[in-house]
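Biologist: I'd like to learn how to read a fold from its strands, rings and buried side chains. Could you walk me through one?

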Amino acid sequence: KRMQEAIEKRILALTRPLGDPKSITFDDLFDLKEIQRIQDEFATATGVSSIITWPDGTPITQPSNYSRLCRDIIQKTEKGCTNCFKSYAELGRLYHPKGPIVETCVSGGLWVAGVTITIGDRYLANWQIGQVRDETQTEEDMRAYAREIGADEKTFIKAFREVPVMSREHFEQIAQALFTLASQLSTSAYQNIQQARFIAEEKKNQAELTRLSTAIEQASEVIMVTDTAGIIQYGNPAFETISGYSREEALGKSTQILESGKHDAAFFYNLWQTISSGKTWEGRFINKRKNGELYTEDAVISPVRDPSGIITGHVAVKRDITKELVQEEQYRQSQKMDAIGQLTGGIAHDFNNILQAVLGFSEILLKRLNKDSMEHQDALEIQKAAKRAAEMTRQLLAFSRKQSVELKRIDLNATVRDTEVLLRLLLGDRTKLTFVPHPALHEIYADHSQLTQILMNLALNARDAMPDGGHLTITTENAAFGPQAAAEIPEAEPGSFVCLSVADTGCGMSREVKDHLFEPFFTTKEVGHGTGLGLSVVYGIVKQSKGWIHVDSEEGRGTTLKIY
């Protein structure tokens, strides 16, 4: 772990800008232990002393093969030490890119050479060698330098005689070898920086890819990638959840596995023309899940291009809006029914007042006229018609929830049992009636007569849907809805409810019929067979009892109405 942290720290250091003098240093680029080893081996092999310093002459490495003259005498004096550091720095400033700088030091008595380690134009360090005698120098010059720096002459000369002698030509060859080695180090340093920056860039790209991948994997929207032929190459977890297909099942398959048959050839032709031309297509699909269930998606499909701009595939971002559409439709239906209810209630109330006048005056006429006269019969027919109209207005008022009711706690199971005999008479011998009561059903708060009216109306509708007979099943059960579940049903509220389910095996109904099912005067029966008020009355009573109705019906598969 410590090694990994050190490597990452070094990579980070090497990615800093080169222009800043404090950005990248010598020890960022090289392992100082390894550099020390190379320096020591070079000094031993060539017989020269060696040291690497910062540009100002401050040592970076420990000196190699230093002579006693320099180590124990010259650098122990203040002036001699200062002269050495000046020499180190001067050699760096005299750096020439074509070769080493060879000079003499100690008043010309010793050879010294320097090369520079660089990165591009950046000056990193000096590498100096020396401490071999110039064969042309005399001891008198050395004595003068000893006096200059304040060293003991006798000790100085003795140490000077121990320094090996080397010709200028030989020393220049060693210096040239050092120059080659330093150039290689400079090149290596530059390569290290390039490699570090490449690694850092790769890590950055990988981190971005990881973030992108995580976002896609956790997205609630479906994200699907295909090639130009529509073959699925990728699907995120949302794709698996919504379509029902696992990645293993979908990869390599055509997007046709999702087609529902609800779109014609022109729809898909327009889609492919758009995305093949490099444009983005936006629209809505009705697709089919693996289990055959249909669902609706809003989709945006965009081209995927390679660096040269050629389209290599497509990416689709899709959102399942099936539940939203159902909720919107239920909400619109609820709003429509409320509006119709307000209109109907207002008209029925005013019309009922008129009918009361008709009934009152017809009653006066009947008392005045001779019962055997034709006029009496006419007045009687007027009264009968007015009573039928009054019954219709009563039903309309029930639909609009403006009818007076007596709400109290009721056992729904007992109400169904009380009505069971009458229901069997209405249904006839060809229809079987089954009642499945919940053994521990909660009480409800409702009007007893209205509950009876609901059961009668639903039984009559079921009988008409089963002209050749069938089976009617009435079931009761307890139901509870939390805030989240209730929020998904426009008319529902959180809490505990009782569910009355009435299911028949009749002809069922189409989507168009379901959309108008509870509207007043809407009927699928022939003229003269029903007013179309039965289910609208049921709707009004249920709403007045703070409930709602769920209808499940398909043509040829019967109908189930669940009243909560």
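**Reading strands, sheets and ring pairs**

Modeller: Let's start with one bridge: R284 stands opposite D298 in β9. Keep in mind that this is a predicted model.

Biologist: Which strands does that bridge belong to, and how many bridges join β8 to β9?

Modeller: The general idea first. Strands of a sheet pair through backbone hydrogen bonds, either parallel or antiparallel. Here, β8 (residues 281-288) and β9 (residues 294-305) run antiparallel and are joined by eight bridges. The two strands form a hairpin with five residues between them. In that turn, G292 has a positive phi of about 95°.

Biologist: What is the strand order of the open sheet that holds β8 and β9?

Modeller: The order is β7-β6-β10-β9-β8, five strands with antiparallel pairing. The edges are β7 (232-235) and β8, each of which pairs on one side only. On average, neighbouring strands here are turned by 30° against each other, direction ignored. Over at the β7 end, strand β6 (residues 222-227) pairs with β7 over three bridges, in the antiparallel sense. One pair to look for there is M224, which stands opposite G235 in β7.

Biologist: And which strands does helix α11 lie across?

Modeller: α11 lies across β8, β9 and β10 (311-320), and runs at about 135° to β8.

Biologist: Let's turn to rings. How many aromatic pairs does a search of the whole structure find?

Modeller: Again, the idea first. A pair of aromatic rings is described by the distance of the centres and the angle of the planes. The search finds twelve aromatic pairs in the whole structure. Take F267 and W281: their ring centres are 5.8 Å apart and their planes are at 85°, so this pair is edge-to-face. F267 lies in helix α11 (residues 265-276) and W281 in strand β8, so the pair ties together parts that are 14 residues apart in sequence.

Biologist: Are F267 and W281 buried or exposed?

Modeller: Both are buried. F267 and W281 also belong to a cluster, linked by ring pairs, with F268 and F285.

Biologist: Can you show me another pair? What are the distance and angle for F497 and W548?

Modeller: F497 and W548 are 5.0 Å centre to centre, with 75° between the planes, and that pair is edge-to-face too. F497 lies in strand β15 (residues 495-504), while W548 is in the loop between α18 (534-544) and β16 (549-553), so the pair ties together parts that are 51 residues apart in sequence. F497 counts as buried at 14% relative accessibility. W548 is buried as well, with a relative accessible area of 4%.

Biologist: That brings us to β15. Where does β15 sit in the order of its sheet?

Modeller: It's in an open sheet of five strands, ordered β12-β14-β15-β17-β16, and the pairing is mixed. β12 and β16 are at the edges with a single partner strand each, so one side of each is left without a neighbour in the sheet. The twist averages 15° from one strand to the next.

Biologist: Mixed pairing, then. Which strands run parallel, and which pair in the antiparallel sense?

Modeller: β12 and strand β14 (residues 470-481) run parallel, joined by six bridges, with T431 opposite G470 in β14. By contrast, β15 and strand β17 (residues 559-563) pair in the antiparallel sense over five bridges. There, A503 has T560 in β17 as its bridge partner. Helix α14 (residues 412-427) packs on this sheet, touching β12, β14 and β15, and its direction makes about 175° with that of β12.

Biologist: Which side chains of β12 are buried?

Modeller: In a regular strand the side chains alternate between the two faces of the sheet. β12 (residues 431-436) follows suit: T431, L433 and F435 point to one face and are buried. K432, T434 and V436 point to the other face and are not buried.

Biologist: What about a polar side chain such as N126: buried or exposed?

Modeller: N126 is in strand β4 (residues 122-134), and at 1% relative accessibility it counts as buried. A polar atom of the N126 side chain lies 3.4 Å from the backbone oxygen of W54.

Biologist: To zoom out, how many helices and strands does the protein chain have?

Modeller: There are 18 helices and 17 strands. The chain has 564 residues, of which 41% count as buried.

How values were computed: Residues numbered from 1 in each chain as written. Predicted model: local features only at pLDDT ≥ 70, side-chain atom pairs only at ≥ 80, totals over all residues. Heavy atoms only, no water. Pairing = 2+ DSSP bridges. Helix = DSSP H or I, 4+ residues; strand = E, 2+ residues; numbered from the N terminus. Buried < 20%, exposed > 50% of the residue type's maximum accessible area, 1.4 Å probe, protein only. Phe/Tyr/Trp six-rings, centres within 6.5 Å; stacked < 30°, edge-to-face > 60°. Axes fitted to C-alpha atoms, helices over the stretch in contact; angles between N-to-C directions. Contact = heavy atoms within 4.5 Å. Polar contact = N/O pair within 3.5 Å; in protein donor to acceptor, adjacent residues only side chain to side chain.
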